[in-house]
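Biologist: Please take a close look at a single part of this protein for me. I would like one helix described in its setting, with a strand residue for contrast.

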Amino acid sequence: MKKKDTILRYSPIERINHWSVVLCFLFTGISGLGLFFPSFNWLMNIFGTPQLARILHPFIGSAMFLLFIFMFFRYFKHNFIDKEDLVWLKNIHKIIRNEEAGDIGQYNLGQKGIYWSISGCLILLAISGVIIWRPYFADFFSIPLIRLALLAHSLAGIGLILLIMIHVYAAFWVKGSIRAMVEGWVTRGWAKKHHPRWYREIRQKTKQDKMNP
């Protein structure tokens, strides 16, 4: 593949950040399932002992949240819903057939929905996680609030796992998406088909850079 036929979609920093979040999610997701469901308690042995997994869970979860903050602000401006997203939604039957609809920018409505939903789950996990974190913070809160936080933490955790499953499925479904996050680049044809407005913006920026070296 010639370099002129490709477009950079994700920088090295973005890719490192993304896969760091993935690793943290795998640890917190597996250990969280072990903590929440007694039948999955054996999963925590992957990390040595259940006791060690229980200790590390909130620390790795905190690292995941901090890493995600970078992602949140990096992609924030690209995830506002616009009129073209409504066109995409009205033609969801075409999307299911792996066709395209609407003049889509860097992300489509489905990707934006995942972005905002994951953000909401992680914020809820962070807040509730601090409230239930023994022995550091839980003593500052009442028992009823801790119980409510436990419920919120569990529901947000399950919600996050389901959202990540959808995210992964969509990445495999749209050929070229995985390569974009692994190698950083996409073909011009891929960009023009799936994100035409973003493709034009990149072309315009490239022309301006050439005119103003």
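Modeller: The strand residue comes at the start: threonine 187 lies in strand S2, which covers residues 185-187. In this predicted model, threonine 187 has a relative accessible area of 17%, and because the cut-off for buried is under 20%, threonine 187 counts as buried. The side chain of threonine 187 reaches the backbone nitrogen of tryptophan 190 at 3.0 Å.

The helix is H2, residues 50-75. H2 has 26 residues and spans 36 Å from its first C-alpha to its last, close to the 38 Å expected at 1.5 Å a residue. H2 is bent by about 35 degrees at leucine 56, and proline 58 follows within four residues. Proline 58 is itself buried, as are Ala53, His57, Met64, Phe68, Met71, Phe72 and Tyr75 of H2. An α-helix has 3.6 residues a turn, so residues three or four places apart point the same way.

H2 packs with helix H1 (residues 12-36) at an angle of about 145 degrees, the two axes lying 8 Å apart. The crossing of H1 past H2 is left-handed. Sorted by class, the residues in the contact of H1 with H2 are 16 nonpolar, 8 polar and 3 charged.

As for the setting, the protein has 9 helices and 2 strands, in the order β-α-α-α-α-α-α-α-β-α-α along the sequence. Its C-alpha atoms fill a box of roughly 60 × 35 × 30 Å along the principal axes, and 35% of the 213 residues count as buried.

Methods:
Residues are numbered from 1 along each chain as its sequence is written. This is a predicted model: local features need pLDDT of at least 70, side-chain atom pairs count only at pLDDT 80 or more; totals for chains, interfaces and linings use all residues. Side-chain values use heavy atoms; hydrogens and water are left out. Buried means under 20% relative accessible area, exposed over 50%, partly exposed in between (1.4 Å probe, protein chains only). A polar contact is a pair of N or O atoms within 3.5 Å; within protein, one must be able to donate a hydrogen and the other to accept it, and residues adjacent in sequence count only if both atoms are side-chain atoms. Axes are lines fitted to C-alpha atoms, for helices over the stretch in contact, and angles run from 0 to 180 degrees between N-to-C directions. A crossing is left-handed if the near helix is turned anticlockwise from the far one by less than a right angle, and right-handed if clockwise. Ala, Val, Leu, Ile, Met, Phe, Trp, Tyr, Cys and Pro count as nonpolar, Asp, Glu, Lys and Arg as charged, and the others, Gly among them, as polar. The expected span of a helix is 1.5 Å times one less than its number of residues. The bend at a residue is the angle between axes fitted to the seven residues ending there and the seven starting there.
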